[in-house]
Amino acid sequence: MKGVYNFVAPERICQNSFVRKVAKHFGCWIHFHVPAFLLKLIMGESSELLLKGQNVVPKRLIESGFKYIAPRVDDFLRKPDISTVKNVDLRRYVGKWYEVARFDNRFEKGLIMTTANYSLADDRYIKIENAGVEKKTGKYRNAHGKAVVSKSNGSRLRVSFVPFIYSDYNILELDETSYSYAVIGSNSYKYLWILSRSPHLEDEVKQLLLNKLEKRGYDISQLLWMK
């Protein structure tokens, strides 16, 4: 490939449609419109870039055989498959899990050597202790919470570390033979954890899970791997 290429998506879509699709995806129902005259007043002639656009077509890129992962906005905004496993024996599931990888989140920011310890309180409740070490200070941190098991599906739980505030805990993948690994997600694509009974996953198992997550629509490049 030589020369100049228009590195843009093949779908041509107006700003109004684009914003509406993004707003719907993130559940934002309040829309604000900036009048054209205001943009002209602030930006002058350069406001034409926003008001009229450039209508660029990636003709040479497509002819070169370039393959798009998400050629349309709808493809790009498609939410991952968050369906859970069918059968979970919680008596086998409880115990200590090592966090092998995760999507970074504010609750575990800067934590390494993270673990989760589960114990059955009764048929509906699970006690939780999450623990980890601050990478910068070496300080040990832990948090205690509980999980409520769904009556209809044992692979969907509601987890709480603060009274009356619950988050989704969905068991997406599970080694149903020996319960040696699990993948946890939520009703949002922003959270993901790969758990293992041992601190390290075998490369074959790791690749198996990555393939499954990619098929589900997760961006596996965002995974933060624990040492």
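In this predicted model, R216 and E173 form a salt bridge whose closest N and O atoms are 3.0 Å apart. The two partners come from distant parts of the chain, since R216 sits in helix 7 (residues 203-216) and E173 in strand 6, with their positions 43 residues apart in sequence. Both residues are buried, R216 as well as E173.

**Salt bridges**

The total number of salt bridges comes to 14. As general background, side chains of opposite charge can pair when their charged atoms come close. Besides the R216 and E173 pair, R158 is bridged to D168, and here the closest N and O atoms are 2.5 Å apart. Because R158 lies in strand 5 and D168 in strand 6, this pair ties together parts that are ten residues apart in sequence. R158 counts as partly exposed because its relative accessibility is 37%, a value between the 20% and 50% limits, and D168 is likewise partly exposed, with a relative accessible area of 26%.

A further salt bridge is the one between D74 and R72, with 3.6 Å between the closest N and O atoms. D74 is partly exposed at 35% relative accessibility, and R72 is partly exposed at 40%. Both residues also belong to a network of salt bridges with shared partners, which joins K21, R72, D74, D75 and R78. The three pairs described here are set out below.

| Basic residue | Acidic residue | Closest N and O atoms |
|---|---|---|
| R72 | D74 | 3.6 Å |
| R158 | D168 | 2.5 Å |
| R216 | E173 | 3.0 Å |

**Strands 4, 5 and 6**

Strand 5, which holds R158, pairs with strand 4 in the antiparallel sense over four bridges, and within this pairing V148 stands opposite R158. The connection from strand 4 to strand 5 is a hairpin that passes through six residues. On to strand 6, the pairing with strand 5 is again described as antiparallel, and five bridges join the two strands; one of the facing pairs is L157 with its bridge partner Y169 in strand 6. Strand 5 and strand 6 also form a hairpin, with two residues between them, and F164 in that turn has a positive phi of about 70°. In general, the side chains of a regular strand alternate between the two faces of the sheet.

**Nonpolar cores**

The largest nonpolar core contains 22 residues, and those with the most contacts inside it are Y93, Y118, Y169, I171, L174, I184 and L195. At least two residues of this core are supplied by each of helix 6 (90-93), strand 2 (111-120), strand 3 (125-134), strand 4 (140-149), strand 5 (156-162), strand 6 (165-174), strand 7 (181-185) and strand 8 (192-196). The largest share, three residues, comes from strand 6. Leaving aside residues up to four places away in sequence, I171 touches T84, V85, V88, Y93, S155, L157, V183 and I184. A second core, separate from the one just described, has 15 residues and includes V100, I194, L210 and Y218.

**Surface and N-terminal region**

On the surface, V34, F37, L38, L41, I42, M43, L50 and L51 form a nonpolar patch with about 810 Å² of accessible area together. Two or more residues of the patch come from each of helix 2 (36-43) and helix 3 (48-51), and helix 2 gives the largest share, five residues. M43, which is placed in helix 2, counts as partly exposed at 34% relative accessibility.

F32 is placed in the loop between helix 1 (15-25) and helix 2, and because its relative accessibility is 75%, above the 50% limit, F32 counts as exposed. The C-alpha atoms of F32 and K146 are 40 Å apart, the two residues being separated by 114 residues along the chain.

N6 lies in the segment before helix 1 and is partly exposed, with a relative accessible area of 38%. Although N6 and V57 are 51 residues apart along the chain, their C-alpha atoms are separated by 6.8 Å. When residues up to four places away in sequence are not counted, N6 touches V56, V57, P58 and L61.

Terms used
Residues numbered from 1 in each chain as written. Predicted model: local features only at pLDDT ≥ 70, side-chain atom pairs only at ≥ 80, totals over all residues. Heavy atoms only, no water. Patch = residues over 30% accessible without salt bridge, like charges linked within 9 Å, V, L, I, M, F, W, Y side chains within 5 Å. Areas by Shrake-Rupley, 256 points an atom, 1.4 Å probe, with all protein chains shown as cover. Salt bridge = Lys/Arg side-chain N within 4 Å of Asp/Glu carboxyl O. Buried < 20%, exposed > 50% of the residue type's maximum accessible area, 1.4 Å probe, protein only. Core = buried A, V, L, I, M, F, W, Y, C linked by side-chain atoms within 4.5 Å. Contact = heavy atoms within 4.5 Å. Pairing = 2+ DSSP bridges.
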